[in-house]
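Let's take a look at the pockets and the strand pairing in this one. Have the model open as you read.

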Amino acid sequence: MTVPIQEEPGRDPHLLERLSALYPAVVADCLDRLGYRQQVMEPHIRPLFPEAKLAGYAVTVHCIEVDAPPANPDDYYKGELQSVDALHPGDVMVVSTCRGSYWGELLATASRYRGAVGLVADAY
């Protein structure tokens, strides 16, 4: 199922098509030249297979470690579900370092349903 990218303020659906034709090194060099020197992922973060690539609007998620599960068991996945609910067509979820498991089949299915094009995570 392909969800069309809607014309939203600040979102150019043709920009993603143009960006997807570029190599990451070219994008990083251009950002560097513009003064954005902290816009790339850590070098140990790699695609699951060499041919994998994507372009989209970044929706960032900052994971934090906790000492104990929440008092209310219904809140255990609250942050993850909120992050998926925030996705729009053409989005890529970018997840900070998470030493545990962050992603699974249900979140992937919900994200695809919302039109997200991928996930980049330093996590399981």
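What follows is a quick tour of a predicted model, starting with its pockets and ending with its sheet.

## The largest pocket

The largest pocket has a volume of about 1,800 Å³. It is lined by 39 residues, and the ones closest to its centre are Pro24, Met41, Leu54, Val92 and Val120.

Which elements give two or more residues to this lining? They are helix 1 (13–19) and helix 2 (24–33), along with strand 1 (57–61), strand 2 (91–95) and strand 3 (118–121). Helix 2 has the largest share, with 4 residues. As for chemistry, the lining of the largest pocket splits into 30 nonpolar, 5 polar and 4 charged residues.

## The second largest pocket

Next comes the second largest pocket, with about 670 Å³ of space. Of its 20 lining residues, Ile64, Glu65, Val66, Tyr76 and Cys98 are the closest to the centre. Sort this lining by class and you get 11 nonpolar, 5 polar and 4 charged residues.

## The sheet

Now for the strands. They form an open sheet of 3, in the order 1-2-3, and the pairing is parallel. Strand 1 and strand 3 sit at the edges with a single partner strand each, so one side of each has no neighbour in the sheet. On average, neighbouring strands here are turned by 25° against each other, direction ignored.

Zoom in on strand 1 and strand 2: they run parallel and are joined by 5 bridges. One pair to look up is valine 59 and its bridge partner in strand 2, methionine 93.

Methods
Residues numbered from 1 in each chain as written. Predicted model: local features only at pLDDT ≥ 70, side-chain atom pairs only at ≥ 80, totals over all residues. Heavy atoms only, no water. 1 Å grid on protein atoms, 1.4 Å probe; cavity = no way out; pocket = protein on both sides within 12 Å on 5 of 7 lines; lining within 4 Å. Points joined across faces, edges and corners; volume = space filled by probe spheres on them. Nonpolar A, V, L, I, M, F, W, Y, C, P; charged D, E, K, R; others polar. Pairing = 2+ DSSP bridges. Axes fitted to C-alpha atoms, helices over the stretch in contact; angles between N-to-C directions.
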